Amino acid sequence: MSSSPRFDRGHTDDLMAFLMAAPSPYHAVAAAAARLEKAGFRQVEETAAWDGTAGGKYVLRGGAIVAWYVPEGAGAHTPFRIVGAHTDSPNLRVKPLPDSGAYGWRQIAVEVYGGTLLNTWLDRDLGLAGRISLRDGSDRLVSIDRPLLRVPQLAVHLDRSANTDGLKLDRQKHMQPIWGLGDVEEGDLIRFVADEAGVDAEDITGWDLMPHPVEPPSYLGRDRELVAGPRMDNLLSVHAATAALAAVAGQPDAELPYIPVMAAFDHEENGSQSDTGADGPLLGTVLERSVFARGGGYEDRARAFAGTVCLSSDTGHAVHPNYAERHDPTHHPVVNGGPILKVNVNMRYATDGSGRSVFAAACDKAGVPWQTFVSNNAMPCGTTIGPITAARHGIRTVDIGVAILSMHSARELCGADDPYLLANALVAFLAG
């Protein structure tokens, strides 16, 4: 029997605001934390002792956040229901020595992060965002959300084969953005960033900065049934998981048989191997400390993990009308068709038959339609944090998401209904 949906098109409006507020993974976790704070969650420091009191708590580490809600009366062995996602997106990242240029153009030296579609970054107005690290050991978020940078494309007159043989881009030579005219000056970019942040340039000892498109997300289509915007892979899932956790924390504790958790990691797009990635110890450490803070021991931890299920939520591929032959001939996810269950028998996705049942039950409870995605056998299959989470923690994991077009583009496309359909399904899953 389905429950009444909690989210509607207003959720999609809020997603668009979230995308604008999160031009970097660091901004994404800050935006998620702000929403959780409004729902009554409080931050706990990893270096402090934790207590076992009921309520909502969260941990921030760099571009990652893990949040959980402990209902009144939860035992030390109470299992978890986890929604996993990631905060990073393929993009360009500023190098340690950023000041570059030639022939009277001032440029910024960047490195390509993840599997980005390089051509989608050409001829776009780009801002600059991320974090700076100060001499006193603190970090500060920076967002210059106005046209500042541009990666200029070569005119067709100088590359007559671009439309016939395909555009060929060298990641080193062709992706360096311009940001002004004049001679190259060492330290110029960081001095500029310091002025924008209101600090002294001499106090900046490190930075993690990245260009971002400044064009806002927008509805499109005849009936505004589509949404175009940046970083949907995978801030769409981070936003849905945050909203779902806040909603579940607002219902009576007696109705929660599990401890609901939201875990959003950094560095998924380059393998998840970092202290803030899904292949690091962060999630397992937080879950274990939650068990121990409630008076549990190793046996309670083992019992809790054995009953835990994780939904790894990431975007997937909607069938492309111009490239239908690239998809599996019998699996054609469509936008606005509801969230997708992602299956790969070679464990590029962690879904199995029992996991399918958990996801189907949540969608049925929420009254949400769902679809299945399988890759064409002739095409390599991508992967997610799902198999990593399952293998590292011994937690049953199911890979799901929302079907989109233009994945890894600087501007992706989804159905306007799918974000809130996903969020409704996540509420039903977290609430058990």
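**Close-up 1. Trp121 and its neighbours in a loop between two strands.** In this predicted model, Trp121 sits in the loop that runs between β6 (105-113) and β7 (126-134). Its relative accessible area is just 3%, so Trp121 counts as buried, the cut-off for that being under 20%. Leaving aside residues up to four places away in sequence, Trp121 touches Pro90, Asn91, Leu92, Thr116, Leu126, Val151, Met175, Pro211, His212, Pro213 and Ala410. Pro177 is worth finding here too: 56 residues separate Trp121 and Pro177 in sequence, and their C-alpha atoms are 9.6 Å apart in space.

**Close-up 2. A cis peptide bond between Asp233 and Asn234.** Look at the link joining Asp233 and Asn234: the peptide bond is cis, with omega at about 15°. Asn234 belongs to helix α4 (residues 232-249). For context, most peptide bonds are trans.

**Close-up 3. Asn336 and Ser406, two loop residues with positive phi.** Most residues other than glycine have a negative phi. Asn336, though not a glycine, has a positive phi near 65°. You'll find Asn336 in the loop between β15 (316-317) and β16 (340-342), partly exposed at a relative accessible area of 24%. Ser406 isn't a glycine either, and its phi is positive at about 65°. Ser406 is in the loop between β19 (403-405) and β20 (412-415) and is partly exposed, with a relative accessible area of 39%.

**Close-up 4. A negative patch on the surface.** Four residues make up this patch: Asp136, Asp200, Glu202 and Asp203. One of them, Asp200, lies in the loop between α3 (188-197) and β10 (204-213).

How values were computed
Residues are numbered from 1 along each chain as its sequence is written. This is a predicted model: local features need pLDDT of at least 70, side-chain atom pairs count only at pLDDT 80 or more; totals for chains, interfaces and linings use all residues. Side-chain values use heavy atoms; hydrogens and water are left out. Patches are made of residues with over 30% relative accessible area and no salt bridge: like charges are joined within 9 Å, nonpolar side chains (Val, Leu, Ile, Met, Phe, Trp, Tyr) within 5 Å. Accessible areas come from the Shrake-Rupley method with a 1.4 Å probe; for residues, only the protein chains shown count as cover. A salt bridge is a side-chain nitrogen of Lys or Arg within 4 Å of a carboxyl oxygen of Asp or Glu. Lys and Arg count as positive and Asp and Glu as negative; His and the chain ends are not counted. The place of a charge is taken as NZ of Lys, CZ of Arg, CG of Asp or CD of Glu. Helices (H or I, at least four residues) and strands (E, at least two) are DSSP runs, numbered from the N terminus. Buried means under 20% relative accessible area, exposed over 50%, partly exposed in between (1.4 Å probe, protein chains only). Contact means heavy atoms within 4.5 Å.
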